[in-house]
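Biologist: I would like a close look at one part of this protein, the sheet. Please take me through it strand by strand, along with what surrounds it.

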Amino acid sequence: MPGFDDETQALIDAASKASDDHSKVHGELSDKERELRDIEKELSVDLGPDEEFFPLQGHCYEYTEREYVYKLCPFDKVTQRSKNGGSETSLGTWGRWNGESSKYDRMLYDNGEKCWNGPARSASVSIQCGIENELVSSSEPNRCEYAMEFHSPAACRHIEHDEL
């Protein structure tokens, strides 16, 4: 196949470079838009009246029982995996605060992986005052509905000093 004349080849090369530059800039823009969405999502999370639950964000806590390891990543997700290995099963992603006596007593995670012939998994995490951040229990009181207990100093906000 014959080549192009010098002028046409220069135009082809310039167009190719412009296309490559555009792709690079478009990729960088997409990365920045994703970063902005992530930051906006983090800023929109209700971390308590005085942001007392902020230190929990970005951390995960595990609880191991006979068969499974449960992992709570506050304001993100809850998962379960077999102690014998395998992939994690989503028990839900951050939904909202759902406390009864106080809004900030319970976290609700929903839209987890669908159970076989059943609903999507969900987890309700009761938060209680504790000396350290620790996932202390997990159970499945109803099919595909998990109940967990988490202790944290952040939950000690409304407790009188003599109760501690």
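Modeller: What follows is a walk across the sheet, then its core, a pocket and some outlying residues.

This is a predicted model. Start with the overall layout. Eight strands make up an open sheet, in the order β1-β2-β3-β4-β5-β6-β8-β7. The pairing is mixed. Two strands stand at the edges: β1 (61-64) and β7 (134-142). Each has a single partner strand, so one side of each is left without a neighbour in the sheet. From one strand to the next, the twist averages 25 degrees. As general background, strands of a sheet pair through backbone hydrogen bonds, and they do so either parallel or antiparallel.

Now walk in from the β1 edge. β1 runs antiparallel to β2 (residues 68-73), and four bridges join the two. To fix the register there, take glutamate 62: its bridge partner in β2 is lysine 71.

β2 also pairs with β3 (residues 77-82). That pairing is antiparallel too, with six bridges. Here tyrosine 68 stands opposite serine 82 in β3. β2 and β3 form a hairpin, with three residues between them. Look at the turn. Phenylalanine 75 sits in it and has a positive phi of about 70 degrees. In general, most residues other than glycine have a negative phi. Keep Phe75 in mind, because the name returns below in both the core and the pocket.

Next comes β3 with β4. They pair in the antiparallel sense over five bridges. The bridge partner of valine 78 is glycine 92 in β4. A hairpin makes the connection, and two residues link β3 to β4.

Move on to β5 and β6. These strands run antiparallel and are joined by four bridges. Leucine 108 has serine 124 of β6 as its bridge partner. The loop between β5 and β6 holds two residues to check by eye. One is asparagine 111. Its phi is positive, about 60 degrees, although asparagine 111 is not a glycine. Asparagine 111 counts as exposed, at 61% relative accessibility. The other is asparagine 117, found in the loop between β5 and β6. Its phi is about 55 degrees, again positive in a residue that is not a glycine. Asparagine 117 is exposed, with a relative accessible area of 61%.

β6 itself tells another story. Six of its eight residues are buried, so β6 is largely enclosed by the rest of the structure. β6 pairs with β8 in the parallel sense, over eight bridges. In that pair, serine 122 stands opposite glutamate 145 in β8.

What packs against what? The largest nonpolar core has 24 residues. Phe53, Phe75, Trp97, Met107, Tyr109 and Phe150 touch the most other members. Five strands give two or more residues each to this core: β2, β4 (85-97), β5 (106-110), β6 (122-129) and β8 (145-152). In a regular strand, side chains alternate between the two faces of the sheet.

Phe75 also leads to the second largest pocket. Its lining is Asp38, Lys41, Glu42, Val45, Gln57, Gly58, Pro74, Phe75 and Asp76. The volume of this pocket is about 170 Å³. By class, the lining has four charged, three nonpolar and two polar residues.

Finally, step away from the strands to helix α1 (residues 6-44). Alanine 18 lies in this helix. Alanine 18 is partly exposed, with a relative accessible area of 45%. Pair it with tryptophan 116 for a sense of scale. Alanine 18 and tryptophan 116 are 98 residues apart in sequence, and their C-alpha atoms are 51 Å apart in space. Helix α1 also holds lysine 32. Lysine 32 is exposed, at 54% relative accessible area. Between lysine 32 and alanine 120 there are 33 Å in space, C-alpha to C-alpha, and the two are 88 residues apart in sequence.

Methods
Residues are numbered from 1 along each chain as its sequence is written. This is a predicted model: local features need pLDDT of at least 70, side-chain atom pairs count only at pLDDT 80 or more; totals for chains, interfaces and linings use all residues. Side-chain values use heavy atoms; hydrogens and water are left out. On a 1 Å grid over the protein atoms alone, a cavity is a set of points where a 1.4 Å probe fits but cannot get out, and a pocket is an open set with protein on both sides within 12 Å along at least five of seven lines; lining residues have an atom within 4 Å of a point. Grid points are joined across faces, edges and corners, and a volume is the space filled by probe spheres set on the points. Ala, Val, Leu, Ile, Met, Phe, Trp, Tyr, Cys and Pro count as nonpolar, Asp, Glu, Lys and Arg as charged, and the others, Gly among them, as polar. Two strands pair if DSSP finds at least two bridges between them. Axes are lines fitted to C-alpha atoms, for helices over the stretch in contact, and angles run from 0 to 180 degrees between N-to-C directions. A nonpolar core is a set of buried Ala, Val, Leu, Ile, Met, Phe, Trp, Tyr and Cys residues joined through side-chain atoms within 4.5 Å. Buried means under 20% relative accessible area, exposed over 50%, partly exposed in between (1.4 Å probe, protein chains only).
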